[in-house]
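Work through the exercises below with the sequence and the 3D structure open. Try each task before reading its solution.

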Amino acid sequence: MKRRLACIVLAALLLLGLCCTAFAEAPATEAQLWNITDTVGLLTGDEDLTLEARAEEISAQYGVGVYLLILEDYSEYYDDPYETAYQFYHGYTLGEGEDRDGVILLMSMSDRKYATFFYGPKAEYAFDAYGQELMEEEFLDDFRDDDWYDGFSDYLEGCAGILSVDSGEFTWPQFLRRLGISFGVGLLLA
């Protein structure tokens, strides 16, 4: 009887171990990083919370995850900032919705290099070359002055502005962007 009970307990433990292993190897389906991830401690606690709340709001409103990753040195991970942003985005299952739409700004503090990475049909449509240029204009001037918090805030607002243009909401930036594009096409056809 003791031997049979020991076999049953052992079999149950083996099955439990197999179940845990199966769950551990299942791919992640939710983002595994915060929207704002500061590994350097560049932001104060209040700044981090404020930026996190705004990034979550923008992500939920437009269905495009908006992320900021601050590292001491990107080269500790990969060869260039863009590759590091790409690998973090996919490695930590970032993005919103079925297509994992999102944008990430990676800032490497040791050499002041940055990279942006856009993924998914919504993000790639909204952040075309012109949209990327507009967004970068929002934050690069602050970075030049070492005004990191304002630069990160401007990055988030730039993302919100560009996403609002391509979401069908009427805004002045949308109007001006479409007017600029229409004017450019008119000049080419004239």
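Axes are lines fitted to C-alpha atoms, for helices over the stretch in contact, and angles run from 0 to 180 degrees between N-to-C directions. Helices (H or I, at least four residues) and strands (E, at least two) are DSSP runs, numbered from the N terminus. The model is predicted: local features need pLDDT of at least 70 and side-chain atom pairs count only at pLDDT 80 or more, while totals for chains, interfaces and linings use all residues. Residues are numbered from 1 along each chain as its sequence is written, and side-chain values use heavy atoms, with hydrogens and water left out.

**Exercise 1. Describe how helix 2 and helix 6 pack.**

Step 1. Two packed helices are described by the angle between their axes and the distance between the axes.

Step 2. For helix 2 and helix 6 the angle is about 10°, and the axes are 10 Å apart.

Step 3. Angles under 35 degrees count as roughly parallel, over 145 as roughly antiparallel, 65 to 115 as roughly perpendicular and the rest as oblique. Helix 2 and helix 6 are therefore roughly parallel to each other.

Step 4. Look for contacts (heavy atoms within 4.5 Å). Helix 2 contributes residues including Leu-51, Ala-55 and Ile-58, and helix 6 contributes residues including Phe-152, Leu-156 and Leu-163.

**Exercise 2. Find the largest nonpolar core and the elements that give residues to this core.**

Step 1. A nonpolar core is a set of buried Ala, Val, Leu, Ile, Met, Phe, Trp, Tyr and Cys residues joined through side-chain atoms within 4.5 Å. Buried means under 20% relative accessible area, exposed over 50%, partly exposed in between (1.4 Å probe, protein chains only).

Step 2. The largest core has 30 residues; Val-66, Phe-127, Met-135, Phe-143, Phe-152, Tyr-155 and Leu-163 touch the most other members.

Step 3. Two or more residues each come from helix 2 (45–62), strand 2 (65–71), strand 3 (102–108), helix 4 (121–126), helix 5 (129–144) and helix 6 (148–165). Helix 6 gives the most, 8 residues.

Step 4. Another core, of 11 residues, lies apart from this one and has Tyr-67 and Ile-104 among its members.

**Exercise 3. Is Ile-70 buried or exposed, and which residues does Ile-70 touch?**

Step 1. Locate Ile-70 in strand 2.

Step 2. Its relative accessibility is 0%, so Ile-70 counts as buried.

Step 3. Leaving out residues up to four places away in sequence, Ile-70 touches Thr-37, Asp-38, Thr-39, Val-40, Leu-42, Leu-43, Met-107, Met-109 and Phe-152.

Step 4. Take Val-40 from that list: Val-40 and Ile-70 are 30 residues apart in sequence, yet 6.6 Å apart in space, C-alpha to C-alpha.
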